[in-house]
Amino acid sequence: MAKVTLDLGAIDAMSDRAAEDGLRQALGEYERILKTDVLNRAGTGKQYGKHQASAPGEPPARDLGNLVANTNADPTIRDDGDAKVGTVTANAAYVLPLHNGTERIAARPFMDVPAKENQRELTEAFVRGARE
(Lines give C-alpha, C1' and ligand atoms only; values in the text may rest on other atoms or scores of the structure.)
Protein backbone atom coordinates (compact mmCIF):
# COMPACT_ATOMS: atom_id res chain seq x y z
CA MET A 1 0.00 0.00 0.00
CA ALA A 2 1.28 3.46 -0.85
CA LYS A 3 0.43 6.19 1.61
CA VAL A 4 0.12 9.76 0.42
CA THR A 5 -0.01 12.48 3.11
CA LEU A 6 -0.83 16.15 2.70
CA ASP A 7 0.18 18.55 5.48
CA LEU A 8 -2.65 21.06 5.74
CA GLY A 9 -0.49 23.38 7.84
CA ALA A 10 1.44 24.25 4.67
CA ILE A 11 -1.70 25.28 2.82
CA ASP A 12 -3.85 27.06 5.40
CA ALA A 13 -5.64 29.14 2.76
CA MET A 14 -6.85 26.08 0.87
CA SER A 15 -10.23 24.68 1.79
CA ASP A 16 -10.52 21.11 2.98
CA ARG A 17 -12.59 20.29 -0.09
CA ALA A 18 -9.98 21.64 -2.48
CA ALA A 19 -7.26 19.73 -0.61
CA GLU A 20 -9.27 16.51 -0.82
CA ASP A 21 -10.03 17.06 -4.52
CA GLY A 22 -6.34 17.69 -5.19
CA LEU A 23 -5.33 14.61 -3.23
CA ARG A 24 -7.86 12.46 -5.11
CA GLN A 25 -6.48 13.74 -8.43
CA ALA A 26 -2.91 12.98 -7.30
CA LEU A 27 -3.96 9.50 -6.16
CA GLY A 28 -5.56 8.85 -9.54
CA GLU A 29 -2.34 9.93 -11.24
CA TYR A 30 -0.35 7.69 -8.87
CA GLU A 31 -2.55 4.73 -9.86
CA ARG A 32 -2.21 5.58 -13.56
CA ILE A 33 1.60 5.75 -13.30
CA LEU A 34 1.73 2.43 -11.44
CA LYS A 35 -0.45 0.68 -14.01
CA THR A 36 0.85 2.17 -17.25
CA ASP A 37 4.52 2.62 -16.42
CA VAL A 38 5.85 0.87 -13.33
CA LEU A 39 3.92 -2.40 -13.68
CA ASN A 40 4.35 -2.52 -17.46
CA ARG A 41 8.14 -2.41 -17.55
CA ALA A 42 9.91 -5.19 -19.37
CA GLY A 43 11.70 -7.64 -17.17
CA THR A 44 15.48 -7.78 -17.16
CA GLY A 45 15.84 -10.87 -15.00
CA LYS A 46 15.63 -14.59 -15.69
CA GLN A 47 13.51 -16.06 -18.43
CA TYR A 48 10.86 -18.57 -17.26
CA GLY A 49 9.23 -20.09 -20.32
CA LYS A 50 7.54 -17.16 -22.07
CA HIS A 51 7.86 -14.85 -19.02
CA GLN A 52 10.82 -12.50 -18.66
CA ALA A 53 11.03 -11.87 -14.90
CA SER A 54 12.22 -8.68 -13.27
CA ALA A 55 15.65 -8.50 -11.73
CA PRO A 56 15.92 -8.24 -7.93
CA GLY A 57 15.30 -4.68 -6.76
CA GLU A 58 13.31 -3.72 -9.87
CA PRO A 59 9.52 -3.47 -10.06
CA PRO A 60 7.87 -6.75 -11.06
CA ALA A 61 7.61 -7.45 -14.78
CA ARG A 62 4.08 -7.83 -16.11
CA ASP A 63 2.95 -11.40 -16.56
CA LEU A 64 -0.80 -12.02 -16.58
CA GLY A 65 -1.95 -8.54 -15.52
CA ASN A 66 -3.39 -9.59 -12.15
CA LEU A 67 -1.33 -7.05 -10.21
CA VAL A 68 -2.38 -4.22 -12.54
CA ALA A 69 -6.04 -5.25 -12.34
CA ASN A 70 -5.93 -5.27 -8.55
CA THR A 71 -4.13 -1.96 -7.97
CA ASN A 72 -6.45 0.97 -7.28
CA ALA A 73 -6.66 4.41 -5.73
CA ASP A 74 -9.16 4.55 -2.86
CA PRO A 75 -11.39 7.65 -3.27
CA THR A 76 -11.90 7.83 0.50
CA ILE A 77 -9.79 10.56 2.11
CA ARG A 78 -9.33 10.47 5.88
CA ASP A 79 -8.07 12.97 8.42
CA ASP A 80 -4.95 12.11 10.38
CA GLY A 81 -4.33 15.01 12.75
CA ASP A 82 -3.58 18.03 10.56
CA ALA A 83 -3.07 15.86 7.48
CA LYS A 84 -5.34 14.42 4.81
CA VAL A 85 -4.45 10.85 3.87
CA GLY A 86 -5.39 8.80 0.82
CA THR A 87 -4.17 5.41 -0.33
CA VAL A 88 -3.37 3.42 -3.42
CA THR A 89 -3.56 -0.30 -2.73
CA ALA A 90 -2.55 -3.47 -4.52
CA ASN A 91 -4.87 -6.30 -3.50
CA ALA A 92 -3.22 -9.47 -4.75
CA ALA A 93 -2.25 -12.20 -2.27
CA TYR A 94 1.40 -12.05 -3.29
CA VAL A 95 1.89 -8.25 -3.07
CA LEU A 96 3.76 -8.08 0.25
CA PRO A 97 6.15 -10.96 -0.46
CA LEU A 98 6.77 -9.52 -3.94
CA HIS A 99 7.27 -5.95 -2.73
CA ASN A 100 9.30 -6.76 0.41
CA GLY A 101 10.94 -10.03 -0.60
CA THR A 102 11.14 -13.29 1.33
CA GLU A 103 13.89 -15.66 2.38
CA ARG A 104 13.72 -17.23 -1.08
CA ILE A 105 12.84 -14.27 -3.31
CA ALA A 106 14.53 -10.85 -3.50
CA ALA A 107 12.26 -7.81 -3.17
CA ARG A 108 10.66 -6.26 -6.24
CA PRO A 109 9.52 -2.94 -4.73
CA PHE A 110 7.02 -1.02 -6.80
CA MET A 111 4.46 0.84 -4.68
CA ASP A 112 6.76 3.78 -3.90
CA VAL A 113 8.23 4.15 -7.41
CA PRO A 114 5.80 6.88 -8.60
CA ALA A 115 6.58 9.02 -5.54
CA LYS A 116 10.31 8.68 -6.23
CA GLU A 117 10.26 9.08 -10.03
CA ASN A 118 7.19 11.23 -10.77
CA GLN A 119 7.02 13.96 -8.13
CA ARG A 120 6.39 16.71 -10.70
CA GLU A 121 3.47 14.89 -12.34
CA LEU A 122 1.91 14.12 -8.96
CA THR A 123 2.24 17.73 -7.81
CA GLU A 124 0.71 18.98 -11.06
CA ALA A 125 -2.19 16.51 -10.68
CA PHE A 126 -2.77 17.75 -7.12
CA VAL A 127 -2.84 21.39 -8.23
CA ARG A 128 -5.25 20.61 -11.11
CA GLY A 129 -7.59 18.77 -8.75
CA ALA A 130 -7.48 21.49 -6.11
CA ARG A 131 -8.32 24.18 -8.68
CA GLU A 132 -11.33 22.40 -10.21
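## Salt bridges and pockets in a predicted model

Averaged over the protein, pLDDT comes to 90, and 92% of the residues reach 70 or more. Keep in mind that this is a predicted model. Confidence is not even along the chain: strand S1 (residues 2-7) has the lowest mean, at 70, while strand S4 (residues 71-73) has the highest, at 96.

### Charged pairs

Let's start with the salt bridges. A search of the whole structure turns up 12 of them. Here are three, with the N to O distance for each pair.

| Pair | N to O distance |
|---|---|
| Lys 84 and Asp 16 | 3.9 Å |
| Asp 21 and Arg 24 | 3.6 Å |
| Lys 116 and Asp 112 | 3.1 Å |

Take the pair of Lys 84 and Asp 16, whose side chains meet at 3.9 Å. Lys 84 sits in strand S6 (residues 83-90) and Asp 16 in helix H1 (residues 16-36), so this salt bridge ties together parts that are 68 residues apart in sequence. Are the two partners buried or exposed? Lys 84 is buried, with just 2% relative accessible area, and buried here means under 20%. Asp 16, at 44%, counts as partly exposed.

The pair of Asp 21 and Arg 24 is a local affair within helix H1. These two residues are three apart there, so about one helical turn separates them. Both ends fall into the partly exposed class: Asp 21 has a relative accessibility of 23%, and Arg 24 has 33%.

Then there's Lys 116 with Asp 112, where the salt bridge spans 3.1 Å from N to O. Lys 116 is exposed, with a relative accessible area of 64%, because anything over 50% counts as exposed. Asp 112, for its part, is partly exposed at 29%.

Which residues are linked in a network of salt bridges? Asp 16, Arg 17, Glu 20, Asp 21, Arg 24, Asp 79 and Lys 84 are. The network therefore takes in the buried Lys 84 as well as the partly exposed Asp 16.

### Pockets

On to the open spaces. The largest pocket holds about 540 Å³. It is lined by 24 residues, and those closest to its centre are His 51, Pro 60, Ala 61, Tyr 94 and Leu 98. Two elements give two or more residues to this lining, namely helix H2 (66-69) and helix H3 (95-100). H2 gives the most, with three residues. What is the lining of the largest pocket made of, by class? The tally is 14 nonpolar residues, six polar and four charged.

The second largest pocket has a volume of about 180 Å³. Its lining is built from 12 residues, with Val 4, Ala 26, Gln 119, Leu 122 and Phe 126 closest to the centre. At least two lining residues come from each of S1, H1 and helix H5 (119-131). Which classes show up in this lining? Nine of the residues are nonpolar and three are polar, with no charged ones.

One point to bear in mind for the second largest pocket: S1 is among the elements that supply its lining, and S1 is also where confidence is lowest, at a mean of 70. Helix H1 turns up in both parts of this report: Asp 16 of the salt bridge with Lys 84 lies in H1, and H1 also supplies residues to the lining of the second largest pocket.

How values were computed: Residues are numbered from 1 along each chain as its sequence is written. This is a predicted model: local features need pLDDT of at least 70, side-chain atom pairs count only at pLDDT 80 or more; totals for chains, interfaces and linings use all residues. Side-chain values use heavy atoms; hydrogens and water are left out. A salt bridge is a side-chain nitrogen of Lys or Arg within 4 Å of a carboxyl oxygen of Asp or Glu. Helices (H or I, at least four residues) and strands (E, at least two) are DSSP runs, numbered from the N terminus. Buried means under 20% relative accessible area, exposed over 50%, partly exposed in between (1.4 Å probe, protein chains only). pLDDT is the predictor's confidence in each residue, from 0 to 100. On a 1 Å grid over the protein atoms alone, a cavity is a set of points where a 1.4 Å probe fits but cannot get out, and a pocket is an open set with protein on both sides within 12 Å along at least five of seven lines; lining residues have an atom within 4 Å of a point. Grid points are joined across faces, edges and corners, and a volume is the space filled by probe spheres set on the points. Ala, Val, Leu, Ile, Met, Phe, Trp, Tyr, Cys and Pro count as nonpolar, Asp, Glu, Lys and Arg as charged, and the others, Gly among them, as polar.
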